[in-house]
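Subject: A structure for you to look through

Dear colleague,

I am handing over the structure below, together with some notes on what was found in it. Please keep the three-dimensional view open while you read, and look up each residue as it comes along.

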Amino acid sequence: MKNLVALALLACGVVAANAQVLTLTDGDTFNADSSVNVNNDSTAAEYSASYANGSGSGFGGTLGGATIRMEATANNMYFGFNPNGGIFNNIVVLIDSKAGGFTDATMNDTSDGGRAAITRPIANGLLTGPSGFAADYAIVFGSFGSVSFELTGGSLNFLTFKDTAGSVANNRELSISRSTMGLTSANFGFNWVAYMTSDTGYMSDEVMPGPAIAGGNPGFDNSVTISNFNRFEAVPEPASMTALALGVAALARRRRKA
């Protein structure tokens, strides 16, 4: 069903066909918040969108062979991470969901490992994102659990945290209020990328979406370049779109009769 919805959106011009954009589309209406149980047991049954287009194996393929899942409800965005193996470093998901964002050294919050994993690569010029991509929010999946922040020029704004209690094979889950992310409309989308770094700032070649960084792990000195980005789209289900179209047609008929 999701593939059919994605094809329909492409045909209608809702999602631009661009070779530099790798997309998966959530074609469901917003489910009840109870549809996702944030217990660190991320499953395909809970999430409408699943991404497994990472690459690289410098840190064991934890991100390169992982699956990242996303789900929208009326109130929240949910994120799940199913690693390839154990989580011994920091997997950072950068989200571009609104105007503005950060691409330069104005971010300098290194007060803990999660914050440093977000800001150090950008501040030190170790991360180059896709053209036009500027992150507004970030999620870190680590050995400590999962945490999310709004990006700022000073201290990052803490949003949510989920510890490792109940983790299944190092799976991670996290929820963020949609209003906190400014995702208040019925239909919305955002672009995102993911990379991996150690607590000390050593950069892996593992990214999502791929391809992996040429030449192996960039380490402390070489830049990670992510050329493409994934996209999450929340759209009405086909039944809702059909009902809307029928309603518009009925209204048009009434007006013609009048």
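**The nonpolar cores**

In this predicted model, the largest nonpolar core has 31 residues, and those that touch the most other members are Met77, Phe79, Phe190, Trp192 and Phe232. The elements that each give two or more residues to this core are β1, β2, β3, β4 (90-96), β6 (137-142), β9 (172-177), β10 (188-197) and β13 (230-234). The most comes from β10, which gives five residues. Apart from this core lies another one, made of 25 residues, including Met107, Ala117, Ile122 and Phe133. As a piece of background, nonpolar side chains in soluble globular proteins tend to be buried together.

It is worth pausing at Phe190, and asking which residues Phe190 touches once residues up to four places away in sequence are not counted. They are Met70, Met77, Phe79, Ile95, Asp96, Ser97, Leu183, Asn230, Arg231 and Phe232.

**The chain as a whole**

The chain has 258 residues, of which 47% are buried, and there are three helices and 13 strands in it. When contacts between residues at least 6 apart in sequence are considered, 68% of them join residues at least 24 apart. The accessible surface of the chain is about 11200 Å², and carbon and sulfur atoms account for 53% of that surface.

Because pLDDT is the predictor's confidence in each residue, from 0 to 100, please keep the following values in mind as you read. The mean pLDDT of the chain is 82, with 79% of the residues at 70 or more. Over residues 1-22, however, pLDDT stays under 50, and the model has 30 contacts beyond four places in sequence for that stretch. Over residues 239-252 pLDDT also stays under 50, and there the model has two contacts beyond four places in sequence.

**A sheet of four strands**

Four strands, in the order β1-β2-β3-β9, form an open sheet with antiparallel pairing. Its edge strands are β1 and β9, each of which pairs on one side only, and from one strand to the next the twist averages 15°. In general, the strands of a sheet pair through backbone hydrogen bonds, in either a parallel or an antiparallel way.

Strand β2 (residues 67-72) is a good place to follow this pairing in detail. On one side, strand β1 (residues 49-51) pairs with β2 in the antiparallel sense over three bridges, and Ser50 has Arg69 in β2 as its bridge partner. Strand β3 (residues 76-82) is joined to β2 by six bridges, again running antiparallel, and here the bridge partner of Ile68 is Phe81 in β3. The connection from β2 to β3 is a hairpin of three residues.

How many of the six residues of β2 are buried? Six of the six are, and the strand is therefore mostly covered, given that buried means under 20% relative accessible area. Both faces of β2 are covered, with Thr67, Arg69 and Glu71 buried on one side and Ile68, Met70 and Ala72 buried on the other.

**Three residues to compare by eye**

Gly189 is found in strand β10. Is Gly189 buried or exposed? Its relative accessible area is 19%, so Gly189 counts as buried, the cut-off being under 20%. Leaving out residues up to four places away in sequence, Gly189 touches Arg231, Phe232 and Glu233. Gly189 and Asp96 are 93 residues apart along the chain, while their C-alpha atoms are separated by 9.4 Å.

Asn31 is found in the loop between α1 (2-12) and β1, and is partly exposed, with a relative accessible area of 27%. Residues up to four places away in sequence not being counted, Asn31 touches Ser48, Glu71, Ala72, Thr73 and Ala74. From Asn31 to Tyr47, which are 16 residues apart in sequence, the C-alpha to C-alpha distance is 9.9 Å.

Ser146 has its place in strand β7 (residues 145-150), and is buried, with a relative accessible area of 0%. Apart from neighbours within four places in sequence, Ser146 is in contact with Val140, Phe141, Thr160, Phe161, Lys162, Arg172, Glu173 and Leu174.

With best wishes

Key
Residues are numbered from 1 along each chain as its sequence is written. This is a predicted model: local features need pLDDT of at least 70, side-chain atom pairs count only at pLDDT 80 or more; totals for chains, interfaces and linings use all residues. Side-chain values use heavy atoms; hydrogens and water are left out. Contact means heavy atoms within 4.5 Å. Buried means under 20% relative accessible area, exposed over 50%, partly exposed in between (1.4 Å probe, protein chains only). Two strands pair if DSSP finds at least two bridges between them. Accessible areas come from the Shrake-Rupley method with a 1.4 Å probe; for residues, only the protein chains shown count as cover. A nonpolar core is a set of buried Ala, Val, Leu, Ile, Met, Phe, Trp, Tyr and Cys residues joined through side-chain atoms within 4.5 Å. Axes are lines fitted to C-alpha atoms, for helices over the stretch in contact, and angles run from 0 to 180 degrees between N-to-C directions.
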